[in-house]
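Trainee: Please take me through one part of this model in detail. I would like to know how it is built and what surrounds it.

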Amino acid sequence: MSEHPHHRARILVVDDDPDMLRLLSMRLGSAGYQVTAVGSAEAALAQLEIERPQLVLSDVRLPGRDGLALFADVRARHPSLPVILLTAHGTIPDAVDATARGVFGYLTKPYEAKELLDKIAQALALSTPAGPSRRSDEAWRRDIVSRSNRMDDLLAEARMVAQSDASVLLRGDSGTGKEMLAHAIHKASARAGKPFVAVNCGAIPEALLESELFGHMKGAFTDAVSNHKGLFQAADGGTLLLDEIGDMPPALQVKLLRVLQEREVRPLGSSQSVPVDVRIVSATHRDLEAAMAEGQFREDLYYRLNVVTLTLPTLAERREDIPLLANHFLAKLAAKYGKRSSGFAPEALKALTMATWPGNVRQLYNVVEQVCALSTTPLVPLALVQRALRTPSVEVLSFTEARQRFERDYLVDLLKMTDGNVADAARLAQRNRTEFYRLLQKHALTPGLFKSDGASAPDIGGDEAVADT
């Protein structure tokens, strides 16, 4: 018998009652699920940062932050992650309200085991695409290298969107991988066997873009020496990526809107329209809302394209992926250049991880290509990485250093605000003057230097509490 496609799903169970937690874990484990059990909302949120489950099952009554607050946090961080609440009769109204706000469902205690398992199966069926096992279903995203929870959430949403024909708008800075994600959506869709065609709307001159998109007939203009199918026809049955859609000229936006509405194109110089069946994915790094406000982008086209929005994180927002990506790129490039490379020296990998990466994944690829081409040793050294980066690294302080820096900056700001008056500064800090003086001495700060007249006379005063609270 084949395994049910959802039975290896990971479920995060949250309950402060150890006996109930043990019972739920045993019941779900025996049903084939992988269970992670925690006793509070805070522990659940911490666990979500470590590993993303396919479902959260939580009691409403929890110490500190309750199950409803946990749901709100989960919804904000992981919009596609289903949550089921377990509730006593007294909290049913709250649970009903939560359902209206997006909780998948709730069960009242006591509940039947079958009822619980059926509810979980329903939630997983909606949040996880049906089909073969997860491992065999990963081909669609194989080119996207990541272990980041943020990327996992994005890819889970992309996988669900791919099952429909809804138009998708991909947002993100340049170099974050919008075209790669568009291609993954295509491969995950029912259109995977048909063409995927990408066009950069900002890279083609306005005079040629209409012909490229919609095609032209022989003689339509001076250089039209033969009939030419446009990219809409080339992508028929498949997916068309309109990259940098925010750079499309206003006049062409009108014609694109008509094509999307009527689902047919008319090549330049033709009196006949041609039906087309394409799924539109558009991408931009521009602020389209600002462009609409300035009259540079049509509002009706925006809403036609923006049925679903997916936003790619910057590389700095998925910093845990940098070592993974760097080694992946190095292996590919070493094969391309015929180099024997075994990886990066630890200091080199740390420098890559700490870099600022304004150019995101594309910049990382270019840096790895440069060091691969220039490397003469199997292990890429730090010096070569530093040469390729040419950008300052992010400074990561120890906790003690960060606290000391904060303390010093905080004290300096207080002394500036109070013109070097220790009594006033201590009052704002809600500390007595003696303690405040000790902090000043710890950081070698002289109050008199902060007086506007430049005087450095000591501020002498008693040790009475000025703001004990």
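Mentor: I will start with the whole chain, then go to one sheet, one helix and two residues, and end with a second sheet.

This is a predicted model, in which local features need pLDDT of at least 70 and side-chain atom pairs count only at pLDDT 80 or more, while totals for chains, interfaces and linings use all residues. Residues are numbered from 1 along each chain as its sequence is written, and side-chain values use heavy atoms, with hydrogens and water left out.

The chain has 19 helices and 16 strands (DSSP runs numbered from the N terminus: H or I of at least four residues for helices, E of at least two for strands). Of its 469 residues, 45% count as buried (under 20% relative accessible area; exposed is over 50%, partly exposed in between; 1.4 Å probe, protein chains only). Among contacts (heavy atoms within 4.5 Å) between residues at least 6 apart in sequence, 71% join residues at least 24 apart.

The part to look at is the open, parallel sheet of five strands, ordered E2-E1-E3-E4-E5. Its edge strands are E2 (34-38) and E5 (105-108), each of which pairs on one side only (strands pair if DSSP finds at least two bridges between them). From one strand to the next, the twist averages 20 degrees (axes are lines fitted to C-alpha atoms, for helices over the stretch in contact; angles run from 0 to 180 degrees between N-to-C directions). Five bridges join E1 and E2 in the parallel sense, and Val-13 has Ala-37 of E2 as its bridge partner. Helix H2 (residues 41-50) packs on the sheet, where it touches E1 and E2, and its direction makes about 160 degrees with that of E1.

Helix H1 lies across E1, E2, E3 (55-59) and E4 (83-87), and runs at about 170 degrees to E2. Leu-24 belongs to H1 and has a relative accessible area of 1%, so it counts as buried. Beyond residues up to four places away in sequence, Leu-24 touches Val-13, Leu-57, Leu-86, Tyr-111 and Leu-116. Its C-alpha atom is 9.6 Å from that of Val-14, ten residues away along the chain.

Asp-15 sits in the loop that links strand E1 (10-14) to helix H1 (18-30). Asp-15 is buried but has no salt bridge, since the nearest side chain of opposite charge, that of Lys-109, is 4.3 Å away, and a salt bridge needs a side-chain nitrogen of Lys or Arg within 4 Å of a carboxyl oxygen of Asp or Glu. For charge, Lys and Arg count as positive and Asp and Glu as negative; His and the chain ends are not counted. The Asp-15 side chain does reach the backbone nitrogen of Asp-17, at 2.9 Å. Outside its neighbours within four places in sequence, Asp-15 is in contact with Met-20, Leu-21, Val-38, Gly-39, Asp-59, Leu-62 and Lys-109.

Further along the chain, five strands form another open sheet with parallel pairing, in the order E7-E10-E13-E6-E14. E7 (196-200) and E14 (308-311) each have a single partner strand, so one side of each lacks a neighbour in the sheet. E7 pairs with E10 (residues 239-243) over five bridges in the parallel sense, and Val-199 stands opposite Leu-242 in E10. Helix H7 (residues 178-188) lies across E6 (168-171), E7, E10, E13 (279-284) and E14, at about 150 degrees to E6.

Notes. A polar contact is a pair of N or O atoms within 3.5 Å; within protein, one must be able to donate a hydrogen and the other to accept it, and residues adjacent in sequence count only if both atoms are side-chain atoms.
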